[in-house]
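Got your viewer open? Load the model below, and let's walk through it one selection at a time.

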Amino acid sequence: MTEIFGVPTQALFGQLLIGLINGSFYALLSLGLAVIFGLLNIINFTHGAQYMLGAFCAYLLLNKLGVGYWWALVIAPLIVGALGMVIERLMLKQLYKLDHLYGLLLTFGLALIIQGVFRNEYGSSGQPYPIAQELTGSRNLGFMFLPIYRAWVIVASLVICLATWFVIEKTKLGAYLRAATENPALVQAFGINVPRMITLTYGFGVALAAFAGVMAAPIYQVSPQMGADLIIVVFAVVVIGGMGSIMGSIVTGFGLGVIEGLTKVFYPEASNTVIFIIMVLVLLVRPAGLFGSQK
Amino acid sequence: MFQLKKVAAAVAVAMAAGGAQAQVSGGVIKIGVMSDMSSLYADIGGPGSVAAARMAVEDFGAAKKGMKVEIVSADHQNKPDVGSSIARQWYDSDGVDAIFDVPTSSVALAVNQVTRDKGKAFIVSGAASSDLTGKACSPNTVHWTYDTWMLANGTGSAIVKTGGDSWYFITADYAFGHALERDTQEVVKKNGGKVLGQVRHPLNTQDFSSFLLQAQGSKAKIIGLANAGGDTINSIKQAAEFGIVRGGQNLAGLLVFISDIHGLGLNTAQGLIFTESFYWDLNDQTRAFAKRFAPQNNGKYPTMVQAGVYAGVLHYLKAVEALKSDDGGKVVAQMKNTPTDDPLFGKGRIRQDGRKLHPAYLVEVKKPAESKGPYDYYKVRTQIPADQAFRPEKDGGCSLVK
């Protein structure tokens, strides 16, 4: 068997694939953050809590109402997205004219409150959520057993990511959105309801987080701090990709997932710091991030 | 001459201090429960440990005996620096006399040192490292509930004896994980097994698939999980996903709590074998305790850590009552000199190295069909007697043992 740095190539393939799977979560979450930052200029620290809410929504739908995984995948993002829009309307709206810092503080505080309420109610060990019947089992790929559910995660998140990119960068709706960020007054003059568009955009970004939460529920525990653990990494991904860059967050999300996966083989102790090391290096060389444009 | 004067002065001061010590400082016995209140170990100790301490104070009847006992609590966030600065503040300015619980071995080792420097008392329940009664042992510390040696000895030897003779470890990369891995390796080798390798993961990791894949690649019969809490839950859950057990390898959870099993669900957890020193369904007294405890802890049944906090506080208060003093070193000495007796761990004693002795239980998780409802999770396979459950005193390398 051939080896690379003492690791059999077969094992390496497995690790690459796993990196891609984790990368899908990074991509999905950082995509939502990038949309919200790019179009609303809000650093949404509630994102992790909203991801957690998505997972809890799926858990509650299953245990209280008997609604299964597939419906949860649709319903949970709608519910959490709607909650997001309420937050935008009631609170975030007041902050658009102020410095980024205020939005950051508000959303960070909200995240702490939401997580605290759930921890008080459900404890920290988390709740189990079963994998949907259709997606159980695994395939033997020769070099590893690939759980079917994980393959589904890669496919689903790729589709969602590319669709979002397409809508924002290539359609008329996306053009309105981008125009509204550049010059809201002018776009409003053309008869477009800009505040409503902004509310819907925030709702969409939040719904993406909730979607990722439902996807994560069967793999990780549905626990109150599942988002808090992830959000810092995801922020690093967004910064590396370039704040607000849609394609940047997708590519960096997957890419960093792979790099983290490889670190777990070659030097596992550093696996939770490697992303931050990369962040430092990227910021030194390209302060606007890999795909960001300097304004 | 000058020297003599100094000595005389010192003796006088010491005697004065001695006289003043035969009472409770500030008229209040202040108990500090320090735990992980918000992260991956919060269901193991956390707010439940505070509830357990409160119950112990009530059951001791402190108010009736005219003793004033106060409980304070804090979140150490699993960080040794946070833990030791809380301990310093508690001891120096808040008048705390004794600290209880402290899960996370790295934090416990830090608090152990601060307590020793300040001459207070530290009764560990949540932390696991057997170094607390080994090379880091202290005259001010009692290690109550369990330790890594007990876990390794109970679970490790049972598994090696039933044919699990080659091991690979997935280890939490800090003091606790290292101690548990070391103690288990020793047991495995002593019983004729071999260790094929290990991988170290950062504390509080979400995704274990990479580590599990490495363990799978090692072809070891047993994958030993030298981690705890949320880390163990995620390892076990994801191992099921990657077909580890179906592929012919078995998991050994080296430190598993009832809260973990509750979080995993019996479907995933069934058949796991591990060691505990307390289970709520052991006898009438433990059942009665659990029934009173659960409503005070959001319906969650007690873990062995929370039970240990209860029993520890009870024994501590007995010692304070007997001495009529809350001087840390003296109270711990008194605790060691009096046999222990409480409803949860039964009769036992505390050794010179600070190790509390009681039986341990090798348990197996029930199948969903065997369980009558929430928290009916264990079948007790073997009871390991108190004199065999823990590391022999002479092997620990504790300087207090002559």
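This tour starts with the whole chains, moves into chain B, and ends in chain A.

**Before you click**

This is a predicted model, where local features need pLDDT of at least 70 and side-chain atom pairs count only at pLDDT 80 or more, while totals for chains, interfaces and linings use all residues. Residues are numbered from 1 along each chain as its sequence is written, and chains are lettered from A and ligands numbered from 1 in the order in which they are written.

**Stop 1: chain B as a whole**

Select chain B and colour it by secondary structure. You'll find 14 helices and 15 strands; helices (H or I, at least four residues) and strands (E, at least two) are DSSP runs, numbered from the N terminus. Along its principal axes, the C-alpha trace spans about 75 × 50 × 35 Å. The radius of gyration of chain B is 22 Å, which agrees with the value near 21 Å for a compact globule of 402 residues. That yardstick is 2.2 Å times the number of residues to the power 0.38, with the radius taken over C-alpha atoms.

Of those 402 residues, 58% count as buried. Here, buried means 20 or more other C-beta atoms within 10 Å of the residue's own, exposed means 12 or fewer, and partly exposed is in between, with C-beta atoms placed from the backbone.

**Stop 2: two domains**

Now give chain B two colours: domain 1 is 27–146 + 282–358, and domain 2 is 149–276 + 360–389. These bounds come from an automatic or database domain assignment. The domain centres, taken over C-alpha atoms, are 26 Å apart.

Where do they touch? In chain B, 22 residues of domain 1 are in contact with 22 residues of domain 2, contact being C-beta atoms, placed from the backbone, that lie within 7 Å. On the domain 1 side, helix α4(B) (residues 105–118) gives the most, with three residues. That side of domain 1 of chain B divides into nine nonpolar, ten polar and three charged residues. For these classes, Ala, Val, Leu, Ile, Met, Phe, Trp, Tyr, Cys and Pro are nonpolar, Asp, Glu, Lys and Arg are charged, and the others, Gly among them, are polar.

**Stop 3: the five-stranded sheet**

Stay in chain B and look for an open sheet of five parallel strands, in the order β2-β1-β3-β4-β5. Strands pair if DSSP finds at least two bridges between them. At the edges are β2(B) (69–75) and β5(B) (141–143), each pairing on one side only. Neighbouring strands are turned by 20 degrees against each other on average, direction ignored.

Next, show helix α3(B) (residues 80–92), which packs on the sheet and touches β1, β2 and β3 (98–101) of chain B. The direction of α3(B) makes about 170 degrees with that of β1(B). Such angles run from 0 to 180 degrees between N-to-C directions, using lines fitted to C-alpha atoms, for helices over the stretch in contact.

Zoom in on β1(B) (residues 29–35): seven bridges join this strand to β2(B). One to pick out is the bridge from Ile29(B) to Val69(B).

**Stop 4: a loop with unusual backbone angles**

Most residues other than glycine have a negative phi. Select Val102(B), in the loop between β3 and α4 of chain B: phi is positive there, near 55 degrees. Val102(B) is buried, with 33 other C-beta atoms within 10 Å.

Thr104(B) sits in the loop between β3 and α4 of chain B, and has a positive phi near 75 degrees. Is Thr104(B) buried or exposed? Buried, with 34 C-beta neighbours inside 10 Å.

**Stop 5: where the chains meet**

Show both chains: 35 residues of chain B are in contact with 31 residues of chain A. On the chain B side, β7 (194–201), α7 (209–217), α8 (230–241) and α9 (258–264) each supply at least two residues. The largest share, six residues, comes from α7(B). By class, this side of chain B has nine nonpolar, 19 polar and seven charged residues.

**Stop 6: chain A**

Finally, isolate chain A, with eleven helices and four strands. Buried residues make up 52% of its 295 residues.

End on Thr263(A), in helix α10(A) (residues 246–266). Thr263(A) counts as buried, with 21 C-beta neighbours inside 10 Å. What does Thr263(A) contact, leaving aside neighbours within four places in sequence? Ala270(A), Ser271(A) and Val274(A). Draw a C-alpha to C-alpha distance to Gly19(A), too: the two residues are 244 apart in sequence and 9.8 Å apart in space.

Methods: Two residues are in contact if their C-beta atoms, placed from the backbone, lie within 7 Å.
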